[in-house]
Amino acid sequence: MNQKERMLNALPYKAWLDGLEEERDICKQLVYEFNLLPPKERAKIPEMLKKLLGKTGNNVWIEPPFHCDYGWNIEVGENFFANYNLTVLDVGKVTIGKNAQIAPNVSIYTAGHPIHPESRNSGYEYGIPVTIGDNVWIGGNAVILPGVTIGNNVVIGAGSIVGKDIPDNMIAAGNPCRIIREITKEDRIYYFKKQKFDQESWTEIEENRIE
C-alpha cells in the first residue's frame, strides 16, 4: 500500500509522502478562498462547500472560518449547518448525517499520534473515522476524538470532550463526555429548560410534524 491507502485504511502512515502533502495544499487553497469570501458574496457558500467537501446534501452551510485537511474525506447530509470556527481533521473519514447543527468552535479530530515518544518520533500518525448520526446538535467548543460514533438525535453539551461512543437519543456532556439522560417525548414541548413553546411557535411545529 502507498501512504494514502494506509491512511484511508486506518493504518499508520506518513503524511508527507505519496502526494498527501500536495492534496492538502489543494485543500488549503480552497479553504483560503472560502474563508476570505466577501460578505456580499455569501450566497456562494453552498456552491463552494460542494466543491470542497466529498459529499453534501442540497442544503449545506458553514459559517467561515472553516478548516480541514483534505475536504474530500468529509461527507455531510441534508440540512447541514455549522457555525464559526469548525475544524475537521479529516485524515480519517468523517461522516455526518442529516439535520446536523454544530455550534461555534467545534473540533472533529480523526488524527492522532502514537503515545510512546520513540514511536511518535518515527513520523507515523493515524486517522480513525468519526461517524455522527442524523439530527445531532453539538454544543460550542466540543471536541470529538478519533474513532467516536455519535448516534441519531443526540445532543452534546458545550465544552464536552467526546472520546467514547454515544448511543441514539441521549444528552451527553462533560470532560470526559458522559451520558446525562435520554431524550424523551416530554422534551418536545420545551425550547429551553422548562420554558414551553408559545402558542404561535407550537402551532407551527405541530403543522410541520412528521409522523
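**Exercise 1. The largest cavity**

Task: Name the residues that line the largest cavity, and sort them by class.

Solution.
Step 1. List the lining. The largest cavity is lined by Leu53, Ile62, Phe66, Ile74, Val76, Phe80, Leu86, Val88, Ile96 and Ile108. The model is a predicted one.
Step 2. Sort the list. The lining divides into 10 nonpolar, no polar and no charged residues.
Step 3. Find the elements. β3 (74-76) and β5 (86-89) give two or more residues to this lining.
Step 4. Add the volume. The largest cavity has a volume of about 40 Å³. The count is 1 cavity of 30 Å³ or more.

**Exercise 2. Strand β5**

Task: Find which residues of β5 lie on its covered face and which on its uncovered face. Then find the strands that β5 is joined to.

Solution.
Step 1. Recall the pattern. In a regular strand, side chains alternate between the two faces of the sheet.
Step 2. Apply it to β5. Leu86 and Val88 make up the covered face. Thr87 and Leu89 make up the uncovered face.
Step 3. Check against the cavity. Leu86 and Val88 appear in the lining of the largest cavity.
Step 4. Take one neighbour. Strand β2 (residues 66-68) is joined to β5 by 3 bridges, and the two run parallel. Here cysteine 68 stands opposite valine 88.
Step 5. Take another neighbour. Strand β8 (residues 107-109) is joined to β5 by 3 bridges, and these two run parallel. Here leucine 89 has tyrosine 109 as its bridge partner.

**Exercise 3. Two pockets**

Task: Describe the largest pocket and the second largest pocket by volume, lining and class.

Solution.
Step 1. Start with the volumes. The largest pocket has about 1,500 Å³. The second largest pocket has about 180 Å³.
Step 2. Look at the lining of the largest pocket. It has 31 residues, of which Val155, Ile183, Asp187, Arg188 and Tyr190 lie nearest the centre. β15 (155-156), β19 (190-192) and α5 (199-207) are the elements that give two or more residues. β19 gives the most, with 3 residues.
Step 3. Look at the lining of the second largest pocket. Leu30, Glu33, Phe34, Leu36, Leu37, Pro38, Lys44, Glu47, Met48, Lys51 and Leu52 line it. α2 (20-35) and α3 (45-52) each supply at least two residues. The largest share, 4 residues, comes from α3.
Step 4. Sort by class. The table sets out the counts.

| Pocket | Nonpolar | Polar | Charged |
|---|---|---|---|
| Largest | 15 | 8 | 8 |
| Second largest | 7 | no | 4 |

**Exercise 4. Salt bridges**

Task: How many salt bridges does the structure hold? Work through three of them, and decide whether each partner is buried, partly exposed or exposed.

Solution.
Step 1. Recall the principle. Side chains of opposite charge can pair when their charged atoms come close.
Step 2. Give the count. The structure holds 7 salt bridges.
Step 3. Take lysine 4 and glutamate 23. Their closest N and O atoms are 2.9 Å apart. Lysine 4 is in helix α1 (residues 3-8) and glutamate 23 in helix α2, so the pair links distant parts of the chain, 19 residues apart. Partly exposed means between 20% and 50% relative accessible area. Lysine 4, at 25%, is partly exposed. Glutamate 23, at 21%, is partly exposed.
Step 4. Take glutamate 41 and lysine 44. Their side chains meet in a salt bridge of 2.9 Å, N to O. Glutamate 41 has a relative accessible area of 31% and is partly exposed. Lysine 44 has 39% and is partly exposed. Lysine 44 also lines the second largest pocket.
Step 5. Take arginine 181 and aspartate 187. Their salt bridge is 2.9 Å, N to O. Arginine 181 is partly exposed at 37%. Aspartate 187 is partly exposed at 22%. Aspartate 187 is also among the residues nearest the centre of the largest pocket.

**Exercise 5. Glycine 77**

Task: Is glycine 77 buried or exposed? Where is glycine 77 found, and which residues does it touch?

Solution.
Step 1. Place the residue. Glycine 77 is in the loop between β3 and β4 (80-82).
Step 2. Apply the cut-off. Buried means under 20% relative accessible area. Glycine 77 stands at 15%, so it counts as buried.
Step 3. List its contacts. Leaving out residues up to four places away in sequence, glycine 77 touches Gly57, Asn59, Ile96, Gly97 and Lys98. Ile96 also lines the largest cavity.
Step 4. Compare sequence with space. Glycine 77 and lysine 55 are 22 residues apart in sequence. Their C-alpha atoms are 7.9 Å apart in space.

Key:
Residues are numbered from 1 along each chain as its sequence is written. This is a predicted model: local features need pLDDT of at least 70, side-chain atom pairs count only at pLDDT 80 or more; totals for chains, interfaces and linings use all residues. Side-chain values use heavy atoms; hydrogens and water are left out. On a 1 Å grid over the protein atoms alone, a cavity is a set of points where a 1.4 Å probe fits but cannot get out, and a pocket is an open set with protein on both sides within 12 Å along at least five of seven lines; lining residues have an atom within 4 Å of a point. Grid points are joined across faces, edges and corners, and a volume is the space filled by probe spheres set on the points. Ala, Val, Leu, Ile, Met, Phe, Trp, Tyr, Cys and Pro count as nonpolar, Asp, Glu, Lys and Arg as charged, and the others, Gly among them, as polar. Buried means under 20% relative accessible area, exposed over 50%, partly exposed in between (1.4 Å probe, protein chains only). Two strands pair if DSSP finds at least two bridges between them. A salt bridge is a side-chain nitrogen of Lys or Arg within 4 Å of a carboxyl oxygen of Asp or Glu. Contact means heavy atoms within 4.5 Å.
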